[in-house]
Amino acid sequence: RITAATLVVSSQGYTGTYDGVAHSPSVSLTPEAAITDGATVYWSTESALTADNYTSSGTTTTPTYTDAGTYTVYYYIAGTASYAPDETDQTGTLTISIAKAPLTCTATASSITYGDTAPEGAVSYTGFVGTEDESALDQSGISYTYNTKADGTGDTYTAGSAAGTYYITAQGVSSTNYDITYVATPFSVA
């Protein structure tokens, strides 16, 4: 009786910060001849794969992920008559973990005259990945606070508040891929 040669399985997930690039798990099989002989990696993003379900629940297409998040991927190694993985290496679970990239949102405002309403808010961003821009954000909930302290713990500015320096801070921007930090900007009431 001839036994199958051992198929060596090496697997790796991914951990990193959002960079706009697709990332995928990897499973490599050694020796190379095993792949030529038909050894195949099956993948699932739904549930663990076994000898009973890998052809019906799995796919040979490696899953890829671009957006920030944590993803669980299951694999099953279908060996051949000539090459078989050890039982402990035949199935596995890998994790793709993509952290949100940092993005700074700085409020901008112009000075106003005593008695005026708070200046209209606007923002600028620094930290976009690659060629991304504001279209990568949901700004539908953006709002502004006007306060005597940059951390928002002072008095709120309203028309008729005393002359002096106040701070405008944006809030309410959301994103799948960015962890947003808000920076207050001073404006003066003269």
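Biologist: Which residue in S7 stands opposite tyrosine 14?
Modeller: In this predicted model, local features need pLDDT of at least 70 and side-chain atom pairs 80 or more, while totals for chains, interfaces and linings use all residues. Residues are numbered from 1 along each chain as its sequence is written, and side-chain values use heavy atoms, without hydrogens or water. Strands (DSSP E runs of at least two residues, numbered from the N terminus) S2 and S7 (residues 91-99) pair (at least two DSSP bridges) in the parallel sense over four bridges. Opposite tyrosine 14 in S7 stands isoleucine 96.

Biologist: Which strands stand at the edges of the sheet?
Modeller: Four strands, in the order S2-S7-S5-S4, form an open sheet with mixed pairing. Each edge strand has a single partner strand, so one of its sides is left without a neighbour in the sheet. The edge strands are S2 (14-17) and S4 (40-44).

Biologist: Which strand gives the most residues to the largest nonpolar core?
Modeller: That core (buried Ala, Val, Leu, Ile, Met, Phe, Trp, Tyr and Cys joined through side-chain atoms within 4.5 Å; buried is under 20% relative accessible area, 1.4 Å probe, protein chains only) has 37 residues. Val27, Leu29, Tyr75, Ile77 and Tyr178 have the most contacts (heavy atoms within 4.5 Å) inside it. With four residues, covering part of 101-108, the strand giving the most is S8.

Biologist: How many residues form the second, separate core?
Modeller: Tyr42, Tyr54, Tyr76 and Ala78 are included in this core. The number of residues is five.

Biologist: What does the C-alpha trace span along its principal axes?
Modeller: The protein comprises two helices (DSSP H or I, at least four residues) and 13 strands. Its C-alpha trace spans about 95 × 25 × 25 Å.

Technical notes:
Buried means under 20% relative accessible area, exposed over 50%, partly exposed in between (1.4 Å probe, protein chains only).
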